[in-house]
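Reader: Could you walk me through one part of this model up close? I'd like to hear which residues sit inside, which sit at the surface, and what they touch.

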Amino acid sequence: MFRFILRRLVAGAVLLFVITTVAYTLLYAGGGDIARRLLGQNATQEQVERRAADLGLDRPLWEQYADWLAGAASGDLGRSWFTGQLVATGVTSRLAVTLSLVLGATLIAAVLAVVLGVLAAVRGGWVDRFVQFFSVLGFAIPGFLIALGLVLVFAINLGLFRATGYVPLSSSVTGWLASVTLPVIALSISAIAAVAQQVRGSVLDALRRDYVRTLRSRGLSFRRVVYKHVLRNAGGPALSVLAVQFIGLLGGAVIVEQVFAIPGLGQLAVSATTAGDIPVVMGVVLASAIIVVAVNLAIDLLQAFLNPKVRLS
């Protein structure tokens, strides 16, 4: 098991290096005259050159990246070119907001998708047709339309939740719930649809296996076979789809945060990209990549726990 975890950690570190290298190269190579853009068109050439030297932009790109990489390894991501704030501080404060949305949506998706998927596979009939109809609907409707519909009905017409803004959990539990409920629902719909379909298919496939007939012939109840054996075997593929959905939810959070005016990582990425604040963009890229690697590692460990054969593959 130790070697299994070590291999996954090394693969994750390589993935982080590749992602940050590609992102850094694209951002700086395609950034044009960054110093000129920061100072404006009225700045003199001397001011532009001095600003470029202050930022270290007059050095070779590989040297700038090596410095950034060494700083990132020690937790120093530099400062924002516009606000002067430490990038690590800005990213960390926004990260908690985005994670509260994405983790909430993932948890809801995991619970509801397993319930719906198992019911569809075991009950069949109208329950199966309802789940499949819901899945198609969840895929077909874009997340931002769901978000706008939720705001119109539950925030504006009924006044049950906040239409915009975010209340930290440390300030008020009820305020936090009121501010994240609608964004979490908007994010989770497509994930529920995708994972429920995967759970349904995996459970149906497992129910046709010989070991299920063997267990039933030994007198085990259908419910015990499903919940103790079938779900364990069907859990691996469902976890893989859930991991993919989690990564998709990180991207979807960018749009949902814009709709609900939530100061999360997505909103920070949009404002920093629009302004050309490359250190902040790199901080967001690194934070997102670390989350993706950590989630994949957690899913690999769960799959190895459910199916020991995974450790040998």
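Author: Here is a look at two buried positions, followed by a patch on the surface. Keep in mind that this is a predicted model.

Let's start with Thr-106, which you'll find in helix H5, the run covering residues 87-123. Its relative accessibility is 13%, so Thr-106 counts as buried, the cut-off being under 20%. Leaving aside residues up to four places away in sequence, Thr-106 is in contact with Leu-242, Phe-246 and Leu-249.

Now hop over to Ser-188, part of helix H8 (residues 173-207). Ser-188 counts as buried too, because its relative accessibility is just 2%. What does its side chain reach? The backbone oxygen of Ile-185, at 3.1 Å. With residues up to four places away in sequence set aside again, Ser-188 touches Ala-105, Ile-108 and Ala-109.

On to the outside. There's a nonpolar patch on the surface made of Phe-2, Leu-6, Val-10, Val-14, Phe-17, Val-18, Val-22, Leu-26 and Leu-69, and together they have about 850 Å² of accessible area. Helix H1, residues 2-29, supplies the largest share of that patch, with eight residues. Take Val-22 as one of the patch members: Val-22 sits in helix H1, and at 45% relative accessibility it counts as partly exposed. That label applies because 45% falls between the buried limit of 20% and the exposed limit of 50%.

Key. Residues numbered from 1 in each chain as written. Predicted model: local features only at pLDDT ≥ 70, side-chain atom pairs only at ≥ 80, totals over all residues. Heavy atoms only, no water. Helix = DSSP H or I, 4+ residues; strand = E, 2+ residues; numbered from the N terminus. Buried < 20%, exposed > 50% of the residue type's maximum accessible area, 1.4 Å probe, protein only. Contact = heavy atoms within 4.5 Å. Polar contact = N/O pair within 3.5 Å; in protein donor to acceptor, adjacent residues only side chain to side chain. Patch = residues over 30% accessible without salt bridge, like charges linked within 9 Å, V, L, I, M, F, W, Y side chains within 5 Å. Areas by Shrake-Rupley, 256 points an atom, 1.4 Å probe, with all protein chains shown as cover. Salt bridge = Lys/Arg side-chain N within 4 Å of Asp/Glu carboxyl O.
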